[in-house]
Every structure is written in C-alpha cells, then in structure tokens.
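Visitor: I'd like a close look at one part of this model. Start with the place where two domains meet, then work outward.

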Number of protein chains: 2
Amino acid sequence: MTVDVALDAMGGDLAPQSTVDGALIAVAEGITVALVGDEQILHAELAQRGGPRDGISVVHAPESIAMDANAVAEARRRRGSSISIGIGMVKRREAGAFVSVGNTGAAMATALMTLGRMRGVERPALCVFLPTPGGPTLLLDVGANAEARPSHLVQFAHFGSAYVRTALRIAEPSVGLLSIGEEASKGSSLIVEAHRGLSGVLPGFVGNVEGRDIALGTVDVVVTDGFTGNVVLKVLEGTVTMMFDQLRSVALSSLRARLGGALLLPAVGQLRSQFDYRRFGAVPLLGVDGAVFIGHGRSDAEAIASAIRSAANAVRNGMLEAVGEAIAQTT
Amino acid sequence: MTVDVALDAMGGDLAPQSTVDGALIAVAEGITVALVGDEQILHAELAQRGGPRDGISVVHAPESIAMDANAVAEARRRRGSSISIGIGMVKRREAGAFVSVGNTGAAMATALMTLGRMRGVERPALCVFLPTPGGPTLLLDVGANAEARPSHLVQFAHFGSAYVRTALRIAEPSVGLLSIGEEASKGSSLIVEAHRGLSGVLPGFVGNVEGRDIALGTVDVVVTDGFTGNVVLKVLEGTVTMMFDQLRSVALSSLRARLGGALLLPAVGQLRSQFDYRRFGAVPLLGVDGAVFIGHGRSDAEAIASAIRSAANAVRNGMLEAVGEAIAQTT
C-alpha cells in the first residue's frame, strides 16, 4: 500500500469531521490519502459520507495525543498514536508525506525521532507562508527551536530558498535576514554573524530586512530564529484579527457607517479571507529526512484539503531533493 | 533660566516648522519650552509666528546631527549639537526633561554619556505605548539594546511597571513577559530565567504572554529584549499600514464598494488616527538619570506637542522617583 499522504485524522480542534471531509475533497482531486487514527471512528465517519471509496484508506492507530499534551514526553510514550504511526508510514515509504494539524510539538518531536535530520542539517525549521500584498512570504523558523546559532540561520536561509523555489516556482527567491536595521552591522551578534555567512554566498540574499518588510511582502523568504519568528507570527495574526474586529465595531457606530459597512461587506469579506492564516494549509518541517507538514489547529475541512494538496505537490515537485541539495552546498 | 522641557528643535523629518509649531501649542497650555538649535533659524521661525512670547525661549546649538548619521560616533563628536546641549540642560537642572524626535541612536548615546544610568540600573530601555482595544500597552525594550541578559529583562519589568503607574495612574499594572507559550517553561533560556526572577517578586506579574496579546492589549506592560521588541514594533506598524492600504484598495474595487467606502470614511478615519503611532508623542529612555523622551521621526506639530506634554507630565508625576524606587527594590 502506498499513498500520497498519510493524514493525522485525529489531530486538530475540529477532527475527525474536518479531517475526513478534508481528505474527501483531496481524494476527489486525485490525491490518495490514508486516514490514520481510531479505525472504528473513522469507518463510522466514512460510512456517514457514503462508505469506502477509491483513493482513501484507513490505518488504525490505537492512541492519540491531546492538543495540549507535553509534546516530547508524549511523542516518546505514545508509539501507537496517529502521529507516530503516520510518520512511521513515511519512514517505510508507505506514504509520500505526513500531514497533521494536531499537536505541533509532538509532530516535530516524533518526526525528529523517527525520520531524523537530513544529512548535514544542524536544526530543522518550521516555516509558514504569510499572505502579503506582494504575494506569499515564507517566514522561518517560527518555533521549531527556541534558540539559534548563526550557522542555523544560514541553513534556514538556504533551505527556505530551496523550498520557495519548488513550492512557488520562483527561480531565485529573494531572501532577507530579519534585523533591526538594514545595515550589515545592525542587530544582535547572532544576526551580524549570520549576515556574514550569507552575504555573497546565497544567490538572492538581499541582506537585512525589518519588521515592516514582513507585512509588506518585500522579500520571498524572511529568516529568523524560532523565538522571534513565533512571536512575529502571533503578532501578525493578533493584529489582523484585532483590526477586523475594530473595523466591524466602527461599521456599527452610526447609521451612516452601518450602511457603508453593509455595502463594503463583500469586498472586506474577500480581504478577510485573503488574510486568513488557516487557508495556507500546512507547511513543512524543513530539514527532517521526510515530508512532514504541519497545519493550524483550527483548520476546517477546506484548510485540511489545502494542507493535503500542499504536501502532495511539494513531494511531486521535488521539495526534499531541492532542500537536500541546498544543504549540501552549505556543508 | 529653568524650563519644563528642552526641545531638540532641529530634530525630526519636519523640523524646524513642526518643532516650533508643536512648542507653541504646548506653551499655550502653560508648559515652558526651550527651543534648542540654530538660533538664527529659530528666531526667524518665531518671528514668522508673531515673535517672542512668554514661556518659550531659544538656546543656541551650533551643530546638528543628521537623522541617518552613525549615532554613537556623532554623539561623541558633536558636543555643540542640539541633542548634546539639550541633554546638558537636563544635567544642569536647567530643564526638567529633554524631548527629541531626531536621531534616536544619538539621543540615547548622548543621554548615557551625559546623564549616566540611575543607581542600580544595568541597562536603560526604550519603551513605547501601543494603541490596543484594551487601552495603551507599554512595550519595552524596543531597541535600546540589541541583546539582553535575564537580569536586564527583570529590571525592564520593574521600571516599565513603575512608569505605567505614574504615566497612566494604574495602581498595579499587569506585566507580561513576551514568550512563545504561556507556561513558565516555554521560550528561550533568557525568558525562562527572567520568568524565575519575576515570579512572586513583581506585583502584577502575570507570567508569559504571547505575540497576539500585544495586539489585543491583554496586559499593561509587555517586557522583551530590544531586538524582539524592535521587530514587533515594526511588524505592528507595517501590518496596520498594510491593512489600511488594502482596505482603501478594496473600497475602490467596485461602484458598490466605493459608495460603502465613502459612507464609512469618517469612522475608518477615526480608527486610523487611533492606530497612528505618531500620536503617542514620545516615550522615555527609562533607566538613565534624567528625563529624556524620544519620539517618532515623522512627528508633526501635534505629535511634538503631545511629546512635550508627555515629558512635562511624567516629570510632574514623579516618573524618575518611581523608577528609581522600583530599581532600588531589585538590587
């Protein structure tokens, strides 16, 4: 049995309804999916939706990991979890990729334990596509590691660039190093050293970029440590949410504003969906030796389908090979 | 001669028109201001506005520091700059506070050289009030230092809390430590150690907060290192700017949207000004032994007046004493 994607059918706030529905959308597009989880529950969910069909299978996992459980401990303990069994399928080449919108920490820990790092990789990185007016910007690391050394940032830049090359088909993605000033001398010693390791080495490296460049989409790839990246991601999400909330409240502040708000609603709704982080599906844990994609815990069926699509496409487009080659050049 | 505020009349993108106009607004409210800068230029500006009047004076500074000049070198070299002379007035107690919207780095370096740190302070911090739906949130450090040790963050928390107590008259401000998870164990070793130094020590300390809490205004004070703080500030500014730009463009996307946009314009304009970072005037460089306030380079006359007001009020309300006492408790 070989499938394109093994899906953690038990992971995420809306599972298993969202995962089963999402898988069915992807299957209808010709992607083969294994639903990994409690087989009784999953067969029942499938039965409610017309029963078994081509392209979708169920792989039993007797255990599951709660969204808020201690990641590393659970990853070690629960070898029968949907995460552990799904990643095992990638290891044994029974699945091209694994997708989870469940416990991110457990998925990362299990991926590292089971698949290990690609040859030459010092640290894996979690990355995310951010919607910007200039098109998607890849931000990494957004939290695989709480601390980083300069050589880690240098590698993140190389594999971020390789991923964007294959995912967005951009020949030479522009890559910026997040700092607090554009000059090479600006920033912490971490940044100054990483800048030295990238300048004149990575094609497309534009030097330091600043916080506002992330929102504006100035470059294709923004490289930072996992602490800063995770903070930035949550500041962005929080600010966008807060702005739409404020906008709704001013649009209710007077009769005139209510009328204006009603007329503007479809256009604003489109804008809102453009900035909905859930719609970006899932992003790979770059640097591990296998395709592991992690999505937002609040993913609905559409977001799950998009996650499955991202993973299947990335594998088809040679993401792993491209990242492997990029790393080989840094070592 | 003693004045409430010595103003760097030559600093900022719109100086000296903005600084002279801003000073006149503040003087009309009963605050005394010394305009520090080229006396010929400043007297000419005053003459155009009806000549000298009570409450405003001119102090000559033969040099000025460009907005983009290398901060520390210039601060050392240009002892006759408006920044150097203005801060000298604070040192000699000829002015209660110094306000500049010019070269931030030069103002920080000069303040440290001339006034030194308050007794017990390890590092000063630059802080900023962010507009949030829950009221202003103080974020510090936003760039006085590119790197931090745990003890620095502990002090920032103490003096940030003391400043909010006097500036916003909140009896016990809530203080959060910016991290990538709410549990005390989450984050870099810097954060985990700082958490240990604050927990059970600083009244109002709520533990770790995350990026989204900044935008939502969950706490009164958010403490972070100068690198992360500066990045966060610019991500926030960039996101708000980008969202308003996007909103304007969708409001032009159809006839219906145009009409809606026109009706909604006054309400959105109000929202926009609420999130205009310039309107927050200026914020103190906390931890130096004297009141030095730094504002946004793009400040207009209204923003300058608000900066002067912030500085005069803070001194009146005993900001320096409160910060000094807070530091004494940490040493």
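Visitor: Across the interface of domain 1 of chain A and domain 2 of chain A, how many residue pairs does the rule find in polar contact, both at pLDDT 80 or more?

Guide: Four residue pairs are in polar contact across that interface, with both residues at pLDDT 80 or more. Keep in mind that this is a predicted model.

On the domain 1 side, three elements of chain A each supply at least two of the residues that touch domain 2 of chain A. They are α5 (104-115), β11 (291-295) and α11 (301-316). Helix α11(A) gives the most, with four residues. By type, this side of domain 1 of chain A holds seven nonpolar, seven polar and three charged residues.

Now the domains themselves. In the domain assignment of chain A, domain 1 takes in 1-120 + 287-317. Domain 2 of chain A covers 122-279. Their C-alpha centres lie 26 Å apart. Domain 1 of chain A puts 17 residues into the contact, and domain 2 of chain A puts in 14.

Next, the area. The size of an interface is often given as the accessible area lost when the parts come together. For domain 1 of chain A and domain 2 of chain A, about 1200 Å² is buried between them. Carbon and sulfur atoms account for 55% of that area. As for salt bridges, the rule finds zero across this domain interface of chain A.

Now step out to the contact between the chains. Chain B brings 51 residues to this contact, and chain A brings 52. The area buried between chain B and chain A is about 4600 Å². Carbon and sulfur atoms give 74% of it. In chain B, the residues that lose the most area to chain A are Ile180(B), Phe227(B) and Met243(B). Together these three make up 14% of what the chain B side buries.

Salt bridges do turn up here. The rule finds four across the interface of chain B and chain A. Over all chains, the count by this rule comes to 16 salt bridges. Take one pair, Lys234(B) with Glu210(A). The closest N and O atoms of this salt bridge are 2.2 Å apart. Lys234(B) sits in helix α9 of chain B, and Glu210(A) in the loop between β8 (205-209) and α8 (211-216) of chain A, so the pair joins two chains. Another salt bridge links Glu237(B) to Arg212(A). There the closest N and O atoms are 3.9 Å apart.

Polar contacts come next. Across the interface of chain B and chain A, the rule finds ten residue pairs in polar contact, both at pLDDT 80 or more. Which elements of chain B build this side? Those that give two or more residues are α7 (189-198), α8 (211-216), α9 (226-250) and α10 (255-274) of chain B. Helix α9(B) gives the most, with 19 residues. The side of chain B that touches chain A divides into 30 nonpolar, 15 polar and six charged residues.

How are the copies arranged? A turn of 180° lays chain B on chain A, with a shift of 0.0 Å along the axis and an RMSD of 0.1 Å. The two copies are therefore related as by a two-fold rotation axis. The same surface serves both copies, and 100% of the contact residues of chain B recur in chain A. Of the residues of chain B, Gly260(B) comes closest to the rotation axis. Its C-alpha lies 1.9 Å from that axis.

Finally, some backbone points in chain A. Ala15(A) and Pro16(A) are joined by a cis peptide bond, with omega about 0°. Pro16(A) belongs to the loop between β1 (3-8) and α1 (17-28) of chain A. The peptide bond from Leu140(A) to Asp141(A) is also cis, with omega near -5°. Look for Asp141(A) in the loop between β6 (137-140) and α6 (150-168) of chain A. Arg93(A) is not a glycine, yet its phi is positive, at about 60°. You will find Arg93(A) in the loop between α4 (82-91) and β4 (95-100) of chain A.

Technical notes:
Residues numbered from 1 in each chain as written. Chains lettered and ligands numbered in written order. Predicted model: local features only at pLDDT ≥ 70, side-chain atom pairs only at ≥ 80, totals over all residues. Heavy atoms only, no water. Domains from an automatic or database assignment. Contact = heavy atoms within 4.5 Å. Buried area = accessible area lost by both parts, 1.4 Å probe. Salt bridge = Lys/Arg side-chain N within 4 Å of Asp/Glu carboxyl O. Polar contact = N/O pair within 3.5 Å; in protein donor to acceptor, adjacent residues only side chain to side chain. Nonpolar A, V, L, I, M, F, W, Y, C, P; charged D, E, K, R; others polar. Least-squares fit on C-alpha atoms with pLDDT ≥ 70 in both.
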